[in-house]
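Q: Could we go through this model together, beginning with the overall fold and then turning to particular residues?

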Amino acid sequence: MPDESEYEGGCLCGALRYRSTAPPLRGVICHCSMCRKHSGAPVLALVHFPLQSFRWLKGEPTRYQSSQFAQRGFCSACGSTITMHEEVLRDRVQVALGSLDDPDRVRVDDHVWTQEKISWFEIDDELPRFRQSSTAVPTKASASDDGR
Ligand SMILES: [Zn+2]
Ligand SMILES: [Zn+2]
């Protein structure tokens, strides 16, 4: 078992494994259509870890350049959605919340891109909601330039 202050996770097949020695900076549930396509799920939850505390224990994700400003990482063996890399958030690694071994230990701060939310998907919590990006982080994304 990892130390209490450490967070570990990986993909479905185990070819990719990572560890963060610091707690997450932030957690977010994204409702944008690109996250939906990338994950195949109604929403994609991402947890941000500081880059300097994060390392790959095994393998590294294959990256897909999904927009001018962002890359999305996945396991080339099993296809698991595993990371998101954004130019404006170079100080961190965003991992898919579901890839964590113990997702109960992390918290989500807000919902973003709710303007693209599936109409029947009901948000039933008191977290802040943003029609586009959260004000908590810088972004290059906008409704028109597809920087998501
Ligand atoms: Zn895998
Ligand atoms: Zn998104």
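A: What follows is a short exchange on the fold, the sheets, the core and some single residues.

Q: What kind of model is this, and how are residues and chains labelled?
A: This is a predicted model, in which local features need pLDDT of at least 70 and side-chain atom pairs count only at pLDDT 80 or more, while totals for chains, interfaces and linings use all residues. Residues are numbered from 1 along each chain as its sequence is written, and chains are lettered from A and ligands numbered from 1 in the order in which they are written.

Q: What is the average pLDDT?
A: The protein averages a pLDDT of 92, and 93% of the residues score at least 70; pLDDT is the predictor's confidence in each residue, from 0 to 100. Over residues 143–148 the pLDDT is below 50, and this stretch has 16 contacts in the model beyond near neighbours in sequence. A contact requires the C-beta atoms of two residues, placed from the backbone, to lie within 7 Å.

Q: How should one treat coordinates where pLDDT is low?
A: Where pLDDT is low, the predicted coordinates should not be read in detail.

Q: Which secondary structure is there?
A: The protein has one helix and ten strands, and along the sequence these follow the pattern β-β-β-α-β-β-β-β-β-β-β. Helices (H or I, at least four residues) and strands (E, at least two) are DSSP runs, numbered from the N terminus.

Q: And what are the overall dimensions?
A: The C-alpha trace spans about 40 × 30 × 30 Å along its principal axes. Of the contacts with a separation of 6 or more, 55% are between residues 24 or more positions apart.

Q: How are the seven strands of the open sheet with mixed pairing ordered?
A: The order in that sheet is E6-E7-E8-E9-E4-E3-E10. Its edge strands are E6 (62–65) and E10 (110–112), each of which pairs on one side only. Two strands pair if DSSP finds at least two bridges between them. The twist averages 30 degrees from one strand to the next, with axes being lines fitted to C-alpha atoms (for helices over the stretch in contact) and angles running from 0 to 180 degrees between N-to-C directions.

Q: Which way do E3 and E10 run, parallel or antiparallel?
A: E3 (residues 26–30) and E10 run parallel and are joined by three bridges. Ile-29 stands opposite His-111 in E10.

Q: What about the sheet of three strands?
A: That open sheet has the order E1-E2-E5, with antiparallel pairing. E1 (7–10) and E5 (54–58) each have a single partner strand, so one side of each is left without a neighbour in the sheet. Four bridges join E2 (residues 17–20) to E5, and Ser-20 stands opposite Phe-54 in E5.

Q: Let us turn to the interior. How many residues are in the largest nonpolar core?
A: There are 27, and Val-28, Cys-30, Leu-44, Ala-45, Leu-46, Ile-82 and Val-95 have the most contacts inside it. Such a core is a set of buried Ala, Val, Leu, Ile, Met, Phe, Trp, Tyr and Cys residues joined through C-beta atoms within 7 Å. A residue is buried if 20 or more other C-beta atoms lie within 10 Å of its own, exposed if 12 or fewer, and partly exposed in between, with C-beta atoms placed from the backbone.

Q: Which elements each supply at least two residues of this core?
A: They are E3, helix H1 (33–39), E4 (44–50), E7, E8 (81–86) and E9 (92–96). E4 gives the most, with five residues.

Q: Why is E4 described as largely enclosed by the rest of the structure?
A: Six of the seven residues of E4 are buried, so E4 is largely enclosed by the rest of the structure. Five bridges join E4 to E3 in the antiparallel sense, and Val-28 has Leu-46 as its bridge partner in E4. E4 also pairs with E9 over five bridges, again antiparallel, with Val-95 in E9 as the bridge partner of Val-47.

Q: Where is Gly-73, and is it buried or exposed?
A: Gly-73 is in strand E7 (residues 70–74) and counts as buried, with 23 C-beta neighbours inside 10 Å. Its C-alpha atom is separated by 5.4 Å from that of Thr-62, eleven residues apart along the chain.

Q: Last one: what is the phi of Trp-113?
A: Trp-113 has a positive phi of about 55 degrees although it is not a glycine. Trp-113 is found in the segment after E10, and counts as buried with 26 C-beta neighbours inside 10 Å.
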